[in-house]
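Please look through the sequence and the three-dimensional structure shown here before reading on. The report below is meant to be read with both in view.

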Amino acid sequence: MTWYPTPKQELALQTTADEVLFGGSRGGGKTDAALQWLLYDIDNPHLRQLVIRRNTTDLADFVDRARTKYMPMGAKFTGNPTTITFKSGAVIYTGHLATPDAFTKYQGWEIHRLLMEEVTHIPTEALYEKLLGSVRSTVANIKTQVFLTTNPGGQGHEWVKERFRIDSEEHAIKFEADGRTRIYIPATIR
């Protein structure tokens with residue numbers, strides 16, 4: 001089955017911002033866009049990506065959807081939490097930030113792309129920023145990027161709203177802060 005992005009998904013997938021927040025109402029296609037985003041550079045055997053949710057059990061739906069999309073491409077799913085390995089050698093790891101020290105599991109990693117599903121479930125910006133320290137690349141031609149999805153609400157709603165300067169859910173907001181570009185793209189069912 002061929003997948004075609006909506007205009008908002010296309011904007012989210014084409015942006016070169018360092019941090020992308022694709023958030024808004026249910027049914028806006030956030031996870032579908034994220035699954036497609038993870039395929040960029042998938043033929044590079046050095047590509048390492050990480051998908052995070054607040055709790056490991058919250059990843060079940062994401063992993064099921066990833067199986068449907070990636071298994072026909074020859075991807076192998078192993079372990080718990082799940083590791084997805086592509087024929088090229090590229091890998092997608094899954095994990096959690098359930099405890100204040102959970103980020104330490106990823107210290108020293110070189111994560112080229114970080115996807116956080118339901119980022120407003122992460123209670124503090126400090127916990128999010130600690131994980132950002134592992135988003136880096138020594139591999140030529142792989143640009144690091146963070147892709148965040150969320151519905152409104154959750155423990156971290158306020159810090160996410162402030163970090164991405166969300167004052168309205170009607171338009172995209174792109175800006176630079178701390179040497180990184182950030183963009184908020186509203187995902188709506190319309």
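What follows describes the sheet, the helices that pack on it, and then the pairs formed by charged and aromatic side chains.

This is a predicted model, in which local features need pLDDT of at least 70 and side-chain atom pairs count only at pLDDT 80 or more, while totals for chains, interfaces and linings use all residues. Residues are numbered from 1 along each chain as its sequence is written, and side-chain values use heavy atoms, with hydrogens and water left out.

**The sheet**

Strands of a sheet pair through backbone hydrogen bonds, in either a parallel or an antiparallel way. Helices and strands are taken here from DSSP runs (H or I over at least four residues for a helix, E over at least two for a strand) and are numbered from the N terminus, and two strands count as paired if DSSP finds at least two bridges between them. In this model, an open sheet of 9 strands has mixed pairing and follows the order β3-β4-β5-β2-β6-β7-β1-β9-β8. Its edge strands, each pairing on one side only, are β3 (76-78) and β8 (173-177). From one strand to the next, the twist averages 15 degrees, where axes are lines fitted to C-alpha atoms (for helices over the stretch in contact) and angles run from 0 to 180 degrees between N-to-C directions.

Strand β2 (residues 48-53) has 5 of its 6 residues buried, a word that stands for under 20% relative accessible area, whereas exposed means over 50% and partly exposed lies in between (1.4 Å probe, protein chains only). Strand β2 runs parallel to β5 (residues 91-96), to which 6 bridges join it, and in this pairing Leu 50 stands opposite Tyr 93. Strand β2 also runs parallel to β6 (residues 113-116), here with 4 bridges, and Ile 52 faces Met 116 of β6. Elsewhere in the sheet, β1 and β9 are joined in the parallel sense by 6 bridges, with Leu 21 opposite Tyr 184 in β9.

**Helices on the sheet**

Contact between elements means heavy atoms within 4.5 Å. Helix α2 (residues 30-37) packs on the sheet by touching β1, β6, β7 (145-150) and β9, and its direction makes about 160 degrees with that of β7. Helix α4 (residues 125-132) lies across β1, β2, β6, β7 and β9, and runs at about 155 degrees to β6.

Which residues of helix α1 (residues 7-14) are buried? They are Gln 9, Ala 12 and Leu 13. Because these residues cover an arc of only 95 degrees around the axis, they lie on the same side of α1, the arc being that of the directions from the helix axis to the C-beta atoms. Pro 7 and Gln 14, on the other side of α1, are exposed. The buried residues of α1 pack against β1, α2, β7 and β9.

**Salt bridges**

Side chains of opposite charge can pair when their charged atoms come close. With a salt bridge taken as a side-chain nitrogen of Lys or Arg within 4 Å of a carboxyl oxygen of Asp or Glu, the count comes to 10. Three that involve Glu 19 are set out below.

| Salt bridge | N to O distance |
|---|---|
| Glu 19 and Arg 163 | 3.0 Å |
| Glu 19 and Arg 180 | 2.9 Å |
| Arg 182 and Glu 19 | 3.4 Å |

Glu 19 lies in strand β1 and Arg 180 in strand β9 (residues 180-187), so this pair ties together parts that are 161 residues apart in sequence. Glu 19 is buried, because its relative accessible area is 0%, while Arg 180, at 23% relative accessibility, counts as partly exposed. Arg 182, which has 5% relative accessibility, counts as buried. Through shared partners, salt bridges join Glu 19, Glu 125, Glu 129, Arg 163, Asp 178, Arg 180 and Arg 182 into one network.

**Aromatic pairs**

A pair of aromatic rings is described by the distance of the centres and the angle of the planes. Rings of Phe, Tyr and Trp (its six-membered ring) pair if their centres lie within 6.5 Å, and planes under 30 degrees apart count as stacked, over 60 as edge-to-face and the rest as tilted. The whole structure holds 6 aromatic pairs. One of them, Tyr 70 with Phe 86, is edge-to-face, at 5.2 Å centre to centre and 65 degrees between the planes. Tyr 70 and Phe 86 are both buried. Ring pairs also link Phe 22, Trp 37 and Phe 147 into a cluster.
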